[in-house]
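Please describe how the strands of this model are arranged into sheets, and which charged residues deserve a place in the description.

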Amino acid sequence: MKTIFKYVLLVLLVISCKSNKEKSINLKETKEIDFIIAFGSCNRQSFENKLWKPVLENKPIAWIWGGDVIYSDTDDMKLMSQHYQQQLQQEGYDQIIKGMKVLGTWDDHDYGLNDGGLEYVAKAESQQLFLDFIGVSKTDSRRKREGVYHSEVIETDKGSVKVIVLDTRYFRSALTPSDNPEHRYQPNVYGEGTMLGDIQWQWLENELNSSKSDFNLIVSSIQFLSAEHGFETWGTMPHEVDKLKNLISTSKANGVIVLSGDRHISEFSKITIEGLDYPLIDFTSSGMTHSYTSFDGEPNQYREGQVVSDLSFGLLKINFDTKKVVMQMRGENNVLQQELTQTY
């Protein structure tokens, strides 16, 4: 009987120690994180979104839309408005709106035209519906100018993060159809075309040059670094890629990270840029309600780690003292899919 009692006591002690150890790890992680931002893209309003619960579990200070908030390829604004209302009523999203700051940009399907650019006839009307959706006031400057680009500094007691939201739709000029039947587009002739338009480029230059924030997040609805897959990417305008790389380098802005979407996959891309004392990372998080589950590979010379083709959202966990950012892809049930850590 004494032997049994000792055994039970030992088991309880082991369980207790394990439990305390797990708690201490969680407490340590909490102390090392000053700031959490979540982001994602490709959200069909008629599908169940299984990721809002795990997003909330991570307690981010802000949610950033990376584009394709809804799927509404139409110039019928009444129909598009109904699609936004459907998304606003999506289970779990009301808690996102109530619990954190919401920022973001659009991509082609919420813009209104698949792979669309400056030629879309209803872009001015579509812009107002998008701004309505993300809660922009009627007196905000975005209501009176072309494009949904925007910047906002999020301040904390320990540091600040500047979110620079780009519009890669409103001003974007024509792309070049590919001669390769397996690709949709090929790069334009170097120097031909614009991704952002002159006014937005001037604005972006000022935003980076004047930034005093510890970190600067550039939100682009399409991928910046991955350019070999033959779909939409900044790589369709290589001169615009070089222009942004040069701007990031010469601005001396702290901790620039690109957040992108569009592809229905998630991946990290990383490059070293001359004159920049940290690597530039393009963190793609895409596929919130539907993902590229049949993905079987594509080239990306800048890829770090593996491609995640399951439902996914992105997290950035920032420590202002160490200048460390832990970037995570997470899926259903808050499962950690992949992680990349970078010190700036």
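The report below treats the sheets, then a salt bridge, then a charged surface patch.

The coordinates belong to a predicted model, and its strands are described here sheet by sheet. One open sheet consists of six strands in the order S3-S2-S1-S13-S14-S15, and its pairing is mixed. Strand S3 (101–104) and strand S15 (336–343) stand at the edges of this sheet with a single partner strand each, so one side of each is left without a neighbour in the sheet. Another open sheet, also with mixed pairing, has seven strands in the order S4-S5-S8-S9-S11-S10-S12, and its edge strands, strand S4 (150–155) and S12, each pair on one side only. The table sets out the two sheets with their average twist from one strand to the next.

| Strand order | Number of strands | Average twist |
|---|---|---|
| S3-S2-S1-S13-S14-S15 | six strands | 20° |
| S4-S5-S8-S9-S11-S10-S12 | seven strands | 15° |

In general, the strands of a sheet pair through backbone hydrogen bonds, in either a parallel or an antiparallel sense. In the six-stranded sheet, strand S2 (residues 62–65) pairs with S3 in the parallel sense over four bridges, and isoleucine 64 stands opposite leucine 103 in S3. In the seven-stranded sheet, strand S9 (residues 256–260) and strand S11 (residues 280–284) run parallel and are joined by four bridges, with leucine 259 standing opposite phenylalanine 283 in S11.

Turning to charged side chains, the count of salt bridges comes to 16. One of them is formed by the side chains of aspartate 115 and arginine 184, with an N to O distance of 3.0 Å. Because aspartate 115 lies in the loop between helix H5 (108–111) and helix H6 (123–133), while arginine 184 lies in the loop between strand S6 (176–177) and strand S7 (185–186), this pair ties together parts that are 69 residues apart in sequence.

Which residues form the negative surface patch? The patch is made up of Glu48, Glu91, Asp94, Asp310 and Glu332. Among these residues, aspartate 310 is found in the loop that lies between strand S12 (303–308) and strand S13 (313–319). Strand S12 is an edge strand of the seven-stranded sheet, whereas S13 belongs to the six-stranded one.

Definitions and conventions
Residues are numbered from 1 along each chain as its sequence is written. This is a predicted model: local features need pLDDT of at least 70, side-chain atom pairs count only at pLDDT 80 or more; totals for chains, interfaces and linings use all residues. Side-chain values use heavy atoms; hydrogens and water are left out. Patches are made of residues with over 30% relative accessible area and no salt bridge: like charges are joined within 9 Å, nonpolar side chains (Val, Leu, Ile, Met, Phe, Trp, Tyr) within 5 Å. Accessible areas come from the Shrake-Rupley method with a 1.4 Å probe; for residues, only the protein chains shown count as cover. A salt bridge is a side-chain nitrogen of Lys or Arg within 4 Å of a carboxyl oxygen of Asp or Glu. Lys and Arg count as positive and Asp and Glu as negative; His and the chain ends are not counted. The place of a charge is taken as NZ of Lys, CZ of Arg, CG of Asp or CD of Glu. Two strands pair if DSSP finds at least two bridges between them. Axes are lines fitted to C-alpha atoms, for helices over the stretch in contact, and angles run from 0 to 180 degrees between N-to-C directions.
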